[in-house]
Amino acid sequence: MRQDVFTIIDNRRVSPDTYVLTLSGNTSGFRSPGQFVNVSVPGFFLRRPFSVMTWDSEGFQIMYKNAGHGTDAMTGLKQGDSLDVLTGLGNGFDLDRSGKQPLLIAGGSGVSPIYCLAERLTGNGIIPTVVMGFASSENVVMEEELRAMGCRVVLTTEDGSSGIRGLVTDALAISEEYTFVYCCGPLPMMKAVSEKIFTDGQFSFEARMGCGFGACMGCSMMTARGTKRVCKDGPVFGLEDLVW
Ligand SMILES: Cc1cc2nc3c(=O)[nH]c(=O)nc-3n(C[C@H](O)[C@H](O)[C@H](O)COP(=O)(O)OP(=O)(O)OC[C@H]3O[C@@H](n4cnc5c(N)ncnc54)[C@H](O)[C@@H]3O)c2cc1C
Ligand code: FES
């Protein structure tokens, strides 16, 4: 884990309630997709955790939904502002388990770590299928970027305004072909996916966090191997660990 001050390069709205924040600074703490950062939002005591969407040697991006007081304040951050961020948190996805034909499944703000994973997999010459689910067409984010990366993208919306009408699980009928599943999204979605897939997989969880680095037990979750901390032992857990 590192604590650094980053400079905001851009804070761009990409859907009615979702923003992409681009920051420059020291990214030497970043190791794998699925890791998260913990942002100190000016005026708030507790940091806010967000998955890393992209990173390189110059900086990184997160994609955040305006979901409450802290994220609402973040929408007002401007180019040139400074932000104190803890980086390199959590375990991240294991790319070595992907096989040749991985299936990536994302719901809502779960798109962010899945996008990061897709970028690394395609960089390694592996073309994943990405199934993404949203409430409606106006909430769809990163679809074009994932297609441009070379991913096979299957889009679902609950109201049918874009792609297949329904939930991501309605688009999983062909899952026997896949070598490994990576999933991030709301809890009911991940539970439904875990019951429908034919292969092994990894699932990324969100939990309310205190410290974000393993010291307070505030993010404890029951697994098949006992109580684990989402921030330190996760946020990515294997299918074999999950107790719903
Ligand atoms: C590992 C991890 C990765 C995440 N990645 C993303 C992401 O990429 N994009 C995104 O939009 N959101 C992500 N979240 C959820 C995000 O942290 C919350 O939406 C955000 O903290 C809400 O803050 P708020 O002040 O606006 O909400 P408020 O409800 O005002 O927050 C009050 C408190 O509850 C906590 N809290 C509220 N909702 C959540 C939540 N879902 N998870 C954890 N803590 C919460 C806040 O951190 C804060 O301490 C992630 C959460 C975790 C744990
Ligand atoms: S948030 Fe403190 S141990 Fe996870």
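**Strand partners, sheet edges and a packed helix**

Biologist: Which residue in β7 stands opposite V5?

Modeller: This is a predicted model, in which local features need pLDDT of at least 70, side-chain atom pairs count only at pLDDT 80 or more, and totals for chains, interfaces and linings use all residues. Residues are numbered from 1 along each chain as its sequence is written, while chains are lettered from A and ligands numbered from 1 in the order in which they are written. Strands (E, at least two residues) and helices (H or I, at least four) are DSSP runs, numbered from the N terminus. Opposite V5 in β7 stands D84.

Biologist: Which strands stand at the edges of the sheet?

Modeller: The open sheet of seven strands is ordered β4-β3-β7-β1-β2-β6-β5, with antiparallel pairing; two strands pair if DSSP finds at least two bridges between them. An edge strand has a single partner, so one side of it is left without a neighbour in the sheet. That applies to β4 and β5.

Biologist: What angle does the direction of α2 make with that of β6?

Modeller: Helix α2 packs on the sheet and touches β4, β5 and β6, a contact being two C-beta atoms, placed from the backbone, within 7 Å. Axes are lines fitted to C-alpha atoms, for helices over the stretch in contact, and angles between N-to-C directions run from 0 to 180 degrees. For α2 and β6 the angle is about 145 degrees.

Biologist: Is G226 buried or exposed?

Modeller: G226 belongs to strand β15 (residues 226-229). A residue is buried with 20 or more other C-beta atoms within 10 Å of its own, exposed with 12 or fewer, and partly exposed in between, C-beta atoms being placed from the backbone. Because G226 has 10 C-beta neighbours inside 10 Å, it counts as exposed.
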